[in-house]
Amino acid sequence: WIAHDELLAAHGSFCKVPAESTLLDVCCGSGVVGNSFRDRVSKIIGLDITPEMVELSKERLDEVVHGTVFDIPFPDSSFEIVSNREVMHLMPEPAKMMSEVVRVLKPGGQFVVGQIIPFSPIDAPWMFRIFKKKQPLLYHMFLEDEFEQLLTDAGLVDVERREMLVWEDIDVWIDTIETSSWHRREIRSLYLNAPEAVKEVHPFEVLSSGKIRDCWRWLIYSGRKPDNS
């Protein structure tokens, strides 16, 4: 699992809830994002749809449950904080996930989410093609204003963000069971034949060895559920 310690630490550093709080990491995957809040909250619960991820994330989190983000199996106002990373672009209707996140947050609770965002509308279609070939379930390549609108439309307030640039080895990134060998070749071709307009706004490099390194722009957002009390 690709996990950058500095990027993960940035998620955890956004934590603004009391130390006795409980966190829900939705679509927890391997549990690395939820674990970045370790020692900042008292309990970390994971939620994932696949039994394999449930078992894997149990190695890092205090408790893990099987379920879907469209019907989070917890009552209203259950958590002081919810976290997520790089999942909403896989959902045809990400607003449904956000409504569930807000539902299970306590009033005044916090949502922390990280997402890869294009540098501009120019490189967004090119990035979509690359990510779609790597992950066939991809539905969206959010621009920053679109993603922030998704959060505010869900009712979150006091939204703030932090930007991080992370250089990624593309051959490592595409070395997954979900990416066919043909799609791996196509992804490399998209880099090798990138339009000049894309090169002007999106930093990446092709080394003499043939290795491709791409600079990903991560935006980490924090928002709060209004406290109507």
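**Aromatic pairs, salt bridges and one buried helix face**

A search of the whole structure, which I should say at once is a predicted model, turns up nine aromatic pairs. One of them joins Phe 74 and Phe 79 in an edge-to-face arrangement, with the ring centres 5.0 Å apart and an angle of 80° between the planes. Both partners, Phe 74 and Phe 79, are buried. Elsewhere, Trp 126, Tyr 191 and Phe 204 come together as one aromatic cluster.

Rings also take part in contacts with charged groups, and I have two examples. The charged end of Arg 162 sits over the ring of Phe 14, at 4.3 Å from the ring centre, and the charged end of Lys 132 sits over the ring of Tyr 139, here at 5.7 Å from the centre.

Let me stay with Trp 126 for a moment, since this residue belongs to helix α5, which covers residues 124-134. Which residues of α5 are buried? They are Ala 124, Trp 126, Met 127, Ile 130, Phe 131, Lys 133 and Lys 134, so that two lysines appear in the list beside the aromatic and aliphatic side chains. As for what lies over these buried residues, the cover includes strand β5 (105-116), the helices α7, α8 and α9, and the strands β7 and β8.

Lys 134, at the end of that helix, also brings us to Ser 180, because the two are 8.1 Å apart in space, C-alpha to C-alpha, although 46 residues separate them in sequence. Ser 180 has its place in the loop between α7 and α8, and with a relative accessible area of 33% this serine is partly exposed.

Now to the salt bridges, of which the count comes to 19. I will take three of them in turn.

In the first case, the side chains of Lys 211 and Asp 169 meet with an N to O distance of 3.6 Å. Lys 211 lies in the loop between β7 (204-206) and β8 (212-224), whereas Asp 169 belongs to strand β6 (residues 157-169), and so the pair ties together parts that are 42 residues apart in sequence. Lys 211 itself is partly exposed, at a relative accessible area of 34%.

The second case is Asp 171 with Arg 188, whose side chains meet in a salt bridge at 3.1 Å, N to O. Here Asp 171 comes from helix α7 (residues 170-173) and Arg 188 from helix α8 (residues 181-192), so this pair ties together parts that are 17 residues apart in sequence. In terms of accessibility, Asp 171 counts as partly exposed at 33%, and Arg 188 likewise counts as partly exposed, at 24%.

The third case stays within one helix: Glu 196 forms a salt bridge with Lys 199, and the closest N and O atoms are 3.4 Å apart. Why might such a spacing suit a pair of side chains? An α-helix has 3.6 residues a turn, so residues three or four places apart point the same way. Glu 196 and Lys 199 both lie in helix α9 (residues 196-201) and are three residues apart, about one turn of the helix. Glu 196 counts as exposed, with 53% relative accessibility, while Lys 199 is partly exposed at 39%.

Besides these pairs, there is also a network, in which salt bridges that share partners join Glu 144, Arg 161, Glu 163 and Arg 217.

Key. Residues are numbered from 1 along each chain as its sequence is written. This is a predicted model: local features need pLDDT of at least 70, side-chain atom pairs count only at pLDDT 80 or more; totals for chains, interfaces and linings use all residues. Side-chain values use heavy atoms; hydrogens and water are left out. A salt bridge is a side-chain nitrogen of Lys or Arg within 4 Å of a carboxyl oxygen of Asp or Glu. Helices (H or I, at least four residues) and strands (E, at least two) are DSSP runs, numbered from the N terminus. Buried means under 20% relative accessible area, exposed over 50%, partly exposed in between (1.4 Å probe, protein chains only). Contact means heavy atoms within 4.5 Å. Rings of Phe, Tyr and Trp (its six-membered ring) pair if their centres lie within 6.5 Å; planes under 30 degrees apart count as stacked, over 60 as edge-to-face and the rest as tilted. A charge sits over a ring if NZ of Lys or CZ of Arg is within 6 Å of the ring centre and within 35 degrees of the ring normal.
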